[in-house]
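Me: I'm new to reading protein structures, and I'd like to go through one piece by piece. Can we do it as questions and answers?

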Amino acid sequence: MNVVAIIQARMGSSRLPGKVLSDIEGQSMLRRVVDRVRRVPGLSEVVVATTEAPLDEAIVEECGRIHAPVFRGSENDVLDRYYAASLAHHAEAVLRITSDCPLVDPDESGRVVDAFLSESADFAANDLKPTYPIGLGTEVVSAAALEVAWRRATKDYERTHVMPYIIRRPERFHLVNVEAPADYGDLRWTVDTNEDLAFVRAIYARLDRGGHFGWREVLGVLDREPNLAELNRHVRQKAVEEC
């Protein structure tokens, strides 16, 4: 199956504008994410989906520097952007990653791909029941299910967050969840604020090795330095309906 990873990225973040190109130990956050996603087993291609806004020309330029295919689409209708990108790259399934997750784990994302394929799912994820740290979220959706959502989703948050139309209809779609070995869902490893960015930079400063480390090694750092988790523990994750 042609499984294409599509990483959504834009400069106009409401909480931390320009975060996607923030420096993390000498590399942009976008490059960190792309490099990690490229190591996910079972993918045919890794594409960055940005917007047609002039501000996002900087993302296109960065994609040129890191040799990443780029697709430009709607700024606010992210579901449309994903669907159009999937058509452009002939995807039979799409792996969705967001560009603010520079600690995403290639092996754990690969587990989601495996579950999607082995269970003939319409949709597989590791955050339907959140047991992984926020920031390791990986979703895989069939091209057919993505098209249904694209055609039928009408609520603003369904268009902005891509997958809610599917996730909230388990009676219609075959959904599969991949769980962590224990519940780490209270940990926050994504980047929405300066505090989040400080946390991620601290982790890379200790583990960089070209980004070749996994989530268990991050847990090891936190075991040794539990104070690091306090850098962004107070940051609230926005609800899906908060478009």
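What follows is a chat about this predicted model.

Me: Let's start with the largest pocket. How much space lies in it?
Reply: The lining of this pocket takes in 43 residues. The space inside the largest pocket comes to about 1400 Å³.

Me: Which element gives the largest share of the lining of that pocket?
Reply: Three elements each supply at least two lining residues: α3 (78-88), β6 (93-98) and α7 (164-167). The largest share is 3 residues, and it comes from β6.

Me: By class, how many residues of the lining are charged?
Reply: Arg-96, Thr-98, Asp-100, His-161 and Gln-237 are the lining residues that lie nearest the pocket's centre. Across the lining there are 16 nonpolar and 14 polar residues, and the number of charged ones is 13.

Me: Now the helices. At roughly what angle do the axes of α8 and α9 cross?
Reply: Two packed helices are described by the angle between their axes and the distance between the axes. Here α8 covers residues 194-207 and α9 covers residues 215-224. Their axes come within 11 Å, and the crossing angle is roughly 100°.

Me: So what do we call the way α8 sits relative to α9?
Reply: Angles of 65 to 115 degrees count as roughly perpendicular. The α8 and α9 axes cross at roughly 100°, so α8 is, relative to α9, roughly perpendicular.

Me: How many residues of the contact of α8 with α9 are nonpolar?
Reply: From α8, the contact uses Phe-199, Ile-203, Arg-206 and Leu-207, while α9 brings Glu-217, Val-218, Val-221 and Leu-222. Sorted by class, 2 of these are charged, no residue is polar, and the nonpolar count is 6.

Me: How many of the residues of α1 are buried?
Reply: Helix α1 spans residues 29-37 and is mostly covered. Its buried residues are Met-29, Leu-30, Arg-32, Val-33, Val-34, Arg-36 and Val-37. Out of 9 residues, the buried ones number 7.

Me: What do the buried residues of α3 pack against?
Reply: The buried residues in α3 are Val-78, Leu-79, Arg-81, Tyr-82, Tyr-83, Ala-85 and Ser-86. They pack against β1 (3-8), β4 (45-51), β5, β6, α5 (143-152) and α6 (156-160).

Me: Which residue just after α3 takes a positive phi?
Reply: Look in the loop between α3 and β6. The residue there is exposed, with a relative accessible area of 64%. Its phi is near 55°, a positive value in a residue other than glycine, and its name is His-90.

Me: Is His-67 buried or exposed?
Reply: His-67 has a phi near 55°, which is positive, and this residue is not a glycine. You'll find His-67 in the loop between α2 (57-65) and β5. The cut-off for exposed is over 50%, and His-67 has 68% relative accessibility, so His-67 counts as exposed.

Me: Which residues does Asn-76 touch, not counting those up to four places away in sequence?
Reply: Asn-76 has its place in the loop between β5 (70-73) and α3. At 59% relative accessibility, it counts as exposed. Setting aside residues up to four places away in sequence, Asn-76 touches Arg-159 and Thr-160.

Me: Is Val-162 buried or exposed?
Reply: Val-162 is in the loop between α6 and α7. Beyond its neighbours within four places in sequence, Val-162 has contacts with Gln-8, Val-78, Leu-79, Tyr-82, Arg-96, Leu-146 and Tyr-157. Its relative accessibility is 0%, so Val-162 counts as buried.

Me: And how does Arg-169 count, at 22% relative accessibility?
Reply: Arg-169 is in the loop between α7 and β9 (175-177). Not counting residues up to four places away in sequence, Arg-169 touches Glu-158 and Pro-164. Buried means under 20% and exposed means over 50%, so at 22% Arg-169 counts as partly exposed.

Me: Last one: how far apart in space are Val-46 and Val-141, C-alpha to C-alpha?
Reply: Val-46 is in strand β4 and counts as buried at 11% relative accessibility. Leaving out residues up to four places away in sequence, it touches Ala-5, Ile-7, Val-37, Arg-38 and Pro-69. Val-46 and Val-141 are 95 residues apart in sequence, and in space their C-alpha to C-alpha distance is 15 Å.

Conventions:
Residues numbered from 1 in each chain as written. Predicted model: local features only at pLDDT ≥ 70, side-chain atom pairs only at ≥ 80, totals over all residues. Heavy atoms only, no water. 1 Å grid on protein atoms, 1.4 Å probe; cavity = no way out; pocket = protein on both sides within 12 Å on 5 of 7 lines; lining within 4 Å. Points joined across faces, edges and corners; volume = space filled by probe spheres on them. Helix = DSSP H or I, 4+ residues; strand = E, 2+ residues; numbered from the N terminus. Nonpolar A, V, L, I, M, F, W, Y, C, P; charged D, E, K, R; others polar. Axes fitted to C-alpha atoms, helices over the stretch in contact; angles between N-to-C directions. Parallel < 35°, antiparallel > 145°, perpendicular 65-115°, else oblique. Contact = heavy atoms within 4.5 Å. Buried < 20%, exposed > 50% of the residue type's maximum accessible area, 1.4 Å probe, protein only.
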